[in-house]
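Please open the model in your viewer and keep the sequence beside it, since this tour moves from one selection to the next.

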Amino acid sequence: MTQLLYQTDSYMQSFDAVVSAIDEENRAIALDRSAFYPGGGGQPADSGTLEAGGITYTIKRARKMGDDVFHIVEGDAPLPSPGTPVHGQLDWEKRYKLMRTHTAMHVLCGVIFRDYGASVTGGDMDPLQGRMDFEFETMHKDLVQAIEEAINREVAAAHPVKVDILPREQAFQIPDLIRTKINLLPEGIQQVRVVEIVGLDLQADGGTHVANTSEVGRIRVVDYKSKGKINKRIYVEVTG
Ligand SMILES: [Zn+2]
């Protein structure tokens, strides 16, 4: 089981760990602890390097398999044996852009729910761009500017972003979490990680975010599309 270091410190760029398992077929290294985000919830997996036994391995991406995070290796250098100490380093430029983008998505969700009562149904992101789907029947072109102004006002308001890990029963009593489909969480999950933009948005979420909305930069609403009468997809870019 890999300890997920990014869950409690999303700013950790490098870390020490020990190889816990090897997957020769997939050229992947599992560690006892890792700061690499393995992908999920619309946020792409981290890439970077692992140094072990004098070899620097390029990690294409991390991937969760069961309770372990595996780090998928590029090239054909021999893999380190279980028990080998390693030093991990994230591609921080990419990861930090994803943290800003991911937080921008939460600002968008929070504003759209607060101002229009529309719930989010899904989303996807790349560094500095993302898209989110809403049940938002009244969305139309004239709202684009109002939404863009409202989200940038919230970014500028410098809301702190708080992360808590709560027992399942306690998380299920938070009314704001119900609307983000917390009830879809698998039965076996006993702890729920909760990400809150204080005063704006609260979600059950495993991803990485910045600590304050002021780090996001400027958000542009670049496009939107109707995916049926009710479902609307909104596209954003983050700059600055
Ligand atoms: Zn999130």
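Throughout this tour, a residue is called buried when its relative accessible area is under 20%. Please bear in mind, too, that what you have on screen is a predicted model.

Begin by selecting the zinc ion, together with His102, His106, Asp205 and His209, which coordinate it at 1.7 to 2.6 Å, the histidines through NE2 and the aspartate through OD. Along the chain these donors follow the spacing H-x3-H-x98-D-x3-H. Within this set, colour histidine 106 and histidine 209, a pair that links distant parts of the chain: histidine 106 belongs to helix H1, while histidine 209 sits in the loop between strand E13 (201–204) and strand E14 (218–226), 103 residues away. By the cut-off given above, both histidine 106 and histidine 209 are buried.

If you now display the angles among the four donor atoms of the zinc ion, you will find values of 84 to 137 degrees, and the site is classed as irregular. Four donors would count as tetrahedral if all angles lay between 85 and 135 degrees.

Next, turn to the aromatic residues, among which there are six aromatic pairs. Select tyrosine 116 and phenylalanine 136, whose ring centres are 5.2 Å apart and whose planes meet at 40 degrees, so that the pair counts as tilted. Because tyrosine 116 lies in helix H1 (residues 92–116) and phenylalanine 136 in the loop between strand E10 (129–135) and helix H2 (143–156), this pair ties together parts that are 20 residues apart in sequence. Tyrosine 116 is partly exposed, at 28% relative accessibility, whereas phenylalanine 136, at 1%, is buried.

Keep phenylalanine 136 selected and add phenylalanine 134, with which it forms an edge-to-face pair, 6.5 Å from centre to centre and with 75 degrees between the planes. Both phenylalanine 134 and phenylalanine 136 are buried. Elsewhere, Tyr11, Trp92 and Tyr96 can be selected together, as they form one aromatic cluster.

Finally, select helix H2, where the 14 residues should span 20 Å at 1.5 Å a residue, and where the end C-alpha atoms are indeed 20 Å apart. Which residues of H2 are buried? They are Leu143, Val144, Ile147, Glu148, Ala150, Ile151, Asn152, Glu154 and Val155. To see what covers these buried residues of H2, show H1 and E14, which are included in that cover. Just after H2, stop at alanine 158, where the backbone takes a positive phi of about 50 degrees.

Methods
Residues are numbered from 1 along each chain as its sequence is written. This is a predicted model: local features need pLDDT of at least 70, side-chain atom pairs count only at pLDDT 80 or more; totals for chains, interfaces and linings use all residues. Side-chain values use heavy atoms; hydrogens and water are left out. Rings of Phe, Tyr and Trp (its six-membered ring) pair if their centres lie within 6.5 Å; planes under 30 degrees apart count as stacked, over 60 as edge-to-face and the rest as tilted. Helices (H or I, at least four residues) and strands (E, at least two) are DSSP runs, numbered from the N terminus. Buried means under 20% relative accessible area, exposed over 50%, partly exposed in between (1.4 Å probe, protein chains only). Donors are N, O and S atoms within 2.8 Å of the metal (3.2 Å for Na, K and Ca); water is not among the atoms, so sites may look incomplete. Four donors count as tetrahedral if all angles lie between 85 and 135 degrees; four count as square planar and six as octahedral if opposite donors are over 155 degrees apart and all others between 65 and 115; anything else is irregular. The expected span of a helix is 1.5 Å times one less than its number of residues. Contact means heavy atoms within 4.5 Å.
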